[in-house]
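Here is a short briefing on one protein chain. Keep the sequence and the 3D view open while you read.

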Amino acid sequence: MSWWWDGNYGFQVYSNESLENNPQSSGVQEVNWEEVSSDVYSNQRNFQSREQLVDWAIQRGRENGYILVTRRSRRKGDDPTEPFIKVWLVCDRHGERASTATVRRAGSKKIGCPFKLEGEYQENTGDWKLTVKDDSHNHDPSQHLEAHSFARRLSQSEQLLVGKLYSQNMLPRNILATIREQNPESSCIKKDIYNAKQKIKKETRVGETPMQILKNLFFSKKYVYYTREDPATNIVEEIFFVHQKSYKMWRAFPHVLMIDATYKTNMYKLPFVQVVGVTSTHHSFCVAHTFISKEREENFVSVLLQIKAMLLSVWSRMASFTDEDWTNFKYSWLVLCESPMLDIYQYNFNRIYERLYAAKRGRVIDYVTKNWLDPYKENFVSAWSNRNLNFGQHITNRVKSQHSLLKSYLRNANSSLDRLVGFVDEIVSDQYYQLQFGFGTSLIRKMDSHIAIELFDNLHGKVSHKALDLLENEWYKLSHIRKQNATCGCQLFSSCGLPCACRLANIEATGGIIPLDAVDVFRRKLDLKPSFFDDENVDVDKVLGQVRNKIMSQPDQVKRSMLSRIAGVVFPSKSNKKASVVQEDTRGRPTLKKQQQRKQDVVRNSSFIGSQQSKCDPTKHNSYIASQESIQASSVIQHRRSTKGKGKQPQDDNAHLGFPFIMGKNAVNTINCFKDSIPSLFYPYISHIHDVNPDGNCGFRSVALGLGLNEKRWLFIRQQLLHEMDNKEEWWRTVFDRVAFQEYDRLRQTID
């Protein structure tokens, strides 16, 4: 046996006998480290610092299969600022098991290993000297360092890296991969990353209760926020907050507001309401956010009142729309809803009326007319809605895109409120700089297609590119209008604040160019300066004086109560407000199981046939109106189910409804709600009906299901569609542009 010194204070042991007997072997032989430990650490080398001694000893131990830890250190005096003069190092298996856990499943690796080193400061030389107190181990070297928590401990630089990547919402597995890429010798596992994340959360969260943590975050980030509590329990029921950059963007572009709620964003199951605006460059930005306890009218009214309270002057009259009404109409009503003029609307309505009555479905048109067209047509039919300035914003798809963006950060439905607010801060900050980019592009860049039109010479660098794109489309539309001797309808002028085709024709006839005043101020605004509101100076001393006088006039017990409330606002860590309770039913979008239960309840309660209004709840993507025949059929099925006893019934097909390949009576309600939307020719071939998630991408989700994929692969379908349109642009442009001018560009922009 021979010994070899590697130059780094480590031994390698080789056996000549092993090499002779097995030439293929490397010759490395297991060694009794009790015999060599004293040799490894007997080097009388002096160290310049305590840290250098500890690092050297730990590294030597790792190379030999042992993990050393610092048992304790001693300072020169009792003062914590005094320097260290002594340190003791032991094996991590030193000591005895002392756990007394009874609930948590616990264990210990301590077996009383006697190994011990001692480092001592030499005052005469200023160096540290290492002494071996006990060189024996009572166990074999470790073959897997990952089993030792100390060996997996993250270095200071790695802890900083974890904190940085965690703040960027990177997944733990990706953080671990980054650490191993930078340090291939690292032994840390995913559990260590989770522990580091938990430590970071604990350090960053200031306060003891969830509301104190949240309010401290609002205070540190300078949010404008309001809360509403239940007076009886002091439980928070509503939280309204506005980012400081959102407030600045909103003051610059208060023209359009879109409001919608989303779900499954937080551990309390509170519906999350987002208010979204749009700029002259057609970029979306978040205005305000609210957690509400229930999705009811009074909650949304409260949100609007909070928004109104933040305004320092009165709004000009503007139109705002929601897509809540739109989602309950069938695709066949799209033409009617987009009728540009009253006479065209009447013509389209008469055609639909005649067709439905001819098909003996007059009850449908009566229902739609009574419940939708008569009371609400001014809100969604283009002939009325385009009379007001809406800048092309008819529905809340922009809000839904913000829902999707936020959920891409959350990744699960159980986030704490303060973590969700942290993501909002990132999103709003990114939107702020994205708007600046859009403004700068419109100011300094001239597009070739815009330069080619002389009428636009006065608008370059003064209006947004989006406005010029709309004017460009209207300009080319003018030639089609002249050929057909038609009128333009003036929709672009009345709804978007831009010269329409007939006004462009008049300007062209006079040989002039479009004056800047002909473009609405919304389209000309390319900065974030306030549009309508002036800052109001707040006399703090006067207000505080009034508050003080009011408090002083109250009894002592009232004084204490009022001061406690004020302290909770000024000092968030002293807030006594209770976190929201987990909501059971928020009147949000129901699950499929609940929808089926509701439809079954409707059938049970249908004791007569000739009801004037359907009680069947509409599905997510359908405005099905229960016909008398379907109610009768469903009633018969319910009756049969109740009279056959409680035994398990064999599943059969639904041939009596026209769908022989859809098995099981549980599918009856689904069939009844969808069959009127499906041509009867297809009934015998349908084996499954699936109602996809209504997040604005339902079409792509349906295609994914049709191709045998999970509906969550909708983004892949959309990317493939864009890829197809881009690769065969010439072919598809020829197809779509025959339908309408520049229809290809409009469709691609819609998909993208």
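The points below cover the whole chain, its cysteines, one helix pair and one loop residue.

The model is predicted. The chain has 752 residues, and 39% of them are buried. DSSP runs give 29 helices and 14 strands.

**Whole chain**
- The exposed surface of the chain comes to about 43,900 Å². Carbon and sulfur atoms contribute 51% of that area.
- Take the contacts in the chain with a separation of 6 or more: 59% of them join residues 24 or more positions apart.

**Cysteines**
- How many disulfides does a search of the whole structure find? The search returns 0.
- Cysteine 91 shows why a pair can fail the test: its sulfur lies 3.9 Å from the closest cysteine sulfur, that of cysteine 113. A disulfide needs the two sulfur atoms within 2.5 Å, so this distance is too far for a bond.
- Is cysteine 91 buried or exposed? Cysteine 91 has a relative accessible area of 1%, and the cut-off for buried is under 20%, so cysteine 91 is buried.
- Cysteine 188 also has a relative accessible area of 1%. Cysteine 188 is therefore buried too.

**Helix pair H27 and H28**
- Two packed helices are described by the angle between their axes and the distance between the axes.
- Helix H27 spans residues 714-727, and helix H28 spans residues 729-737. Their axes are 5 Å apart and make an angle of about 95 degrees.
- Angles of 65 to 115 degrees count as roughly perpendicular, so H27 and H28 are roughly perpendicular to each other.
- Which residues make the contact? H27 supplies Glu724, Met725, Asp726 and Asn727. H28 supplies Glu729, Trp732 and Phe736.
- By class, the residues of this contact are 3 nonpolar, 1 polar and 3 charged.

**Methionine 170**
- Where does methionine 170 lie? Methionine 170 is in the loop between helix H4 (156-167) and helix H5 (172-182).
- Its relative accessibility is 27%, so methionine 170 counts as partly exposed.
- Neighbours within four places in sequence aside, methionine 170 is in contact with Leu165, Ile175 and Thr178.
- Methionine 170 and tyrosine 409 are 239 residues apart along the chain. Their C-alpha atoms are separated by 9.3 Å.

Note on methods
Residues are numbered from 1 along each chain as its sequence is written. This is a predicted model: local features need pLDDT of at least 70, side-chain atom pairs count only at pLDDT 80 or more; totals for chains, interfaces and linings use all residues. Side-chain values use heavy atoms; hydrogens and water are left out. Axes are lines fitted to C-alpha atoms, for helices over the stretch in contact, and angles run from 0 to 180 degrees between N-to-C directions. Helices (H or I, at least four residues) and strands (E, at least two) are DSSP runs, numbered from the N terminus. Angles under 35 degrees count as roughly parallel, over 145 as roughly antiparallel, 65 to 115 as roughly perpendicular and the rest as oblique. Contact means heavy atoms within 4.5 Å. Ala, Val, Leu, Ile, Met, Phe, Trp, Tyr, Cys and Pro count as nonpolar, Asp, Glu, Lys and Arg as charged, and the others, Gly among them, as polar. Buried means under 20% relative accessible area, exposed over 50%, partly exposed in between (1.4 Å probe, protein chains only). Accessible areas come from the Shrake-Rupley method with a 1.4 Å probe; for residues, only the protein chains shown count as cover.
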